[in-house]
Amino acid sequence: VEGLLEAARLEWYRPRLALSSHELESVLSERIERWRMTRGDSISIVRKGEPLRVQAHVEVDAWSRVLDVLVENAAKFSPSGSPIHVETQVLRDPAGELKWKLEVKDQGFGFDPDEAPRLFERFYRGRQGSPIRIAGTGLGLYFARRLCRQMGISITASSAGFGKGSVFTLEGSGVAWPA
């Protein structure tokens, strides 16, 4: 019921986030520790790539929620205990602007690649490649996309097909975090 009420609130009231500059890595590191602590052996997080020592305009609770949705989905749509890879990269575009990328990759049940854009629609539940029916409302990725848009972060999904895992990618811009 809470999810339904929140979806309605997002549609009707379009609340604005209070964005401020934060280092992305500090929030990501805290979330990884929290996932390991709360999920124990049921989740295996593999952290790869360079630290996101990037200062970006985000709302910390919203950024945390987006990360939670992606990791929780990876865990939910993967065999228990299979690794979830959180990979990060910091780049400069041709104009010299600092860009960052975060990917949550799983080796789970995957999805039909044609469904990728629809996964972020409210209440949409893709056809599942899982051998069992997995419960859910189809709201988590919808919330994640709405929050990402407000923070100027792009979010995409990809899969090579059923049984081939999924990749959810976040991309944004920022400035180098002071040393």
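How are H2 and H3 oriented to each other? They are oblique, and the points below start from there. Please keep in mind that this is a predicted model.

1. **Overall make-up.** Four helices and seven strands make up the secondary structure of the chain. Read from the N terminus, the elements follow the order α-β-α-β-β-α-β-β-α-β-β. The chain has 179 residues, and 45% of them are buried. Of the contacts with a separation of 6 or more, 73% join residues 24 or more positions apart.

2. **H2 against H3.** Helix H2 covers residues 24-39 and helix H3 covers residues 60-76; their axes come within 10 Å and cross at roughly 45°. Angles under 35 degrees would count as roughly parallel and those from 65 to 115 as roughly perpendicular, and H2 and H3 are therefore oblique to each other. The crossing of this pair is right-handed. On the H2 side the contact is made by Leu24, Val27, Leu28, Arg31, Trp35 and Arg39. H3 brings Val60, Trp63, Ser64, Leu67, Asp68, Val71, Glu72 and Ala75. Sorted by class, the contact of H2 with H3 holds nine nonpolar, one polar and four charged residues.

3. **H3 against H4.** H3 also meets H4: the axes of these two helices come within 9 Å and cross at roughly 145°. The crossing of H3 and H4 is left-handed. From H3, the residues in contact are Ala62, Trp63, Arg65, Val66, Val69, Leu70 and Asn73. From H4 they are Gly140, Leu141, Phe143, Ala144, Leu147, Cys148 and Met151. By class, this contact of H3 with H4 has eleven nonpolar residues, two polar and one charged.

4. **A closer look at Ala62.** You may like to centre your view on Ala62, which lies in helix H3. Ala62 is buried, with a relative accessibility of 3%. Apart from neighbours within four places in sequence, Ala62 is in contact with Leu17, Leu147 and Met151. Its C-alpha atom is separated by 9.5 Å from that of Phe143, a residue 81 positions away along the chain.

5. **Phe120 with Phe168.** The structure has four aromatic pairs, and one of them joins Phe120 and Phe168. The ring centres of Phe120 and Phe168 are 6.3 Å apart and the planes stand at 80°, so this pair is edge-to-face. Phe120 sits in the loop between strand E5 (98-106) and helix H4 (140-151), while Phe168 belongs to strand E7 (residues 166-176), so the pair ties together parts 48 residues apart in sequence. Both partners are buried: Phe120 has a relative accessible area of 4%, and Phe168 has a relative accessibility of 7%. Phe111 joins the picture too, as Phe111, Phe120 and Phe168 form one aromatic cluster.

6. **Tyr142 with Phe143.** Another pair is made by Tyr142 and Phe143, with ring centres 5.7 Å apart and planes at 55°, so the pair is tilted. Tyr142 is buried at a relative accessible area of 2%, and Phe143 is buried at 4% relative accessibility. Phe143 is also one of the H4 residues in the contact with H3, which links this point back to the third.

Notes. Residues numbered from 1 in each chain as written. Predicted model: local features only at pLDDT ≥ 70, side-chain atom pairs only at ≥ 80, totals over all residues. Heavy atoms only, no water. Axes fitted to C-alpha atoms, helices over the stretch in contact; angles between N-to-C directions. Parallel < 35°, antiparallel > 145°, perpendicular 65-115°, else oblique. Left-handed = near helix turned anticlockwise from the far one by under 90°. Contact = heavy atoms within 4.5 Å. Nonpolar A, V, L, I, M, F, W, Y, C, P; charged D, E, K, R; others polar. Phe/Tyr/Trp six-rings, centres within 6.5 Å; stacked < 30°, edge-to-face > 60°. Buried < 20%, exposed > 50% of the residue type's maximum accessible area, 1.4 Å probe, protein only.
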